[in-house]
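Thank you all for coming; I would like to take you through one model this morning. Please have the sequence and the structure open while I talk.

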Amino acid sequence: MTEEDIISFVSGFPGVVTQTIEANSEAPEVAWGDTFFFYDPEGTLETHPRQPFATIVIKDYPGWDTFSDLNRPGVFRLNIAVGRATLQRLAGDDSEVDYTAEDRVLPHPKYATQGWIAIVNPGEQARPLLTDAHARAVARHRPRKTS
């Protein structure tokens with residue numbers, strides 16, 4: 001799957017807000033070009049920030065996350081909040097993880113303890129994982145007043 005395939009697929013889910021950080025925005029420069037997927041059926045994300053249920057990262061974050069060597073040409077990483085049980089079932093807890101491996105479900109290099117997985121240049125196996133992550137976000141959602 002390409003970044004565009006993922007953005008199109010996830011943006012089609014009900015209630016999803018997709019934010020791709022634009023260059024020269026107020027966001028930190030390191031995040032420019034990255035994409036974040038939020039479940040926000042009320043449209044209150046601006047006034048009630050929340051965590052995304054999936055992200056696309058297109059480059060290394062120096063001093064924080066360089067595990068996947070994303071500065072290689074044509075490489076990006078899809079990160080998905082799948083929950084701890086699914087993480088354990090899919091990725092295990094192998095301490096010798098090659099975070100540069102492509103199209104493999106891996107524990108997220110920084111957020112595995114919160115139930116996140118990472119897939120560098122994912123294939124079609126990402127679709128059901130994204131569908132499930134959206135369903136988890138829907139189930140966990142608590143409506144917020146828009147006033």
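I will go through the sheet, then the helix across it, and then two pockets.

This is a predicted model, in which local features need pLDDT of at least 70, side-chain atom pairs count only at pLDDT 80 or more, and totals for chains, interfaces and linings use all residues. Residues are numbered from 1 along each chain as its sequence is written, and side-chain values use heavy atoms, with hydrogens and water left out.

Six strands (DSSP runs of E, at least two residues, numbered from the N terminus) form an open sheet in the order 1-2-3-4-6-5, with antiparallel pairing, where pairing requires at least two DSSP bridges between two strands. Strand 1 (16–20) and strand 5 (106–107) are the edges, and because each has a single partner strand, one side of each lacks a neighbour in the sheet. Five bridges join strand 1 to strand 2, residues 35–39, in the antiparallel sense, and Val-17 has Phe-38 of strand 2 as its bridge partner.

Now to the pockets, which are open sets of points on a 1 Å grid over the protein atoms alone, where a 1.4 Å probe fits, with protein on both sides within 12 Å along at least five of seven lines; lining residues have an atom within 4 Å of a point. The largest pocket is lined by 26 residues, with Phe-36, Pro-52, Thr-55, Tyr-61 and Tyr-111 nearest its centre, and strand 2, strand 3 and strand 4 each give two or more residues to that lining.

For the second largest pocket, 17 residues form the lining, and Gln-51, Pro-52, Phe-53, Ala-137 and Arg-140 are the closest to its centre. Helix 3 (helices being DSSP runs of H or I, at least four residues) supplies the largest share of this lining, four residues.
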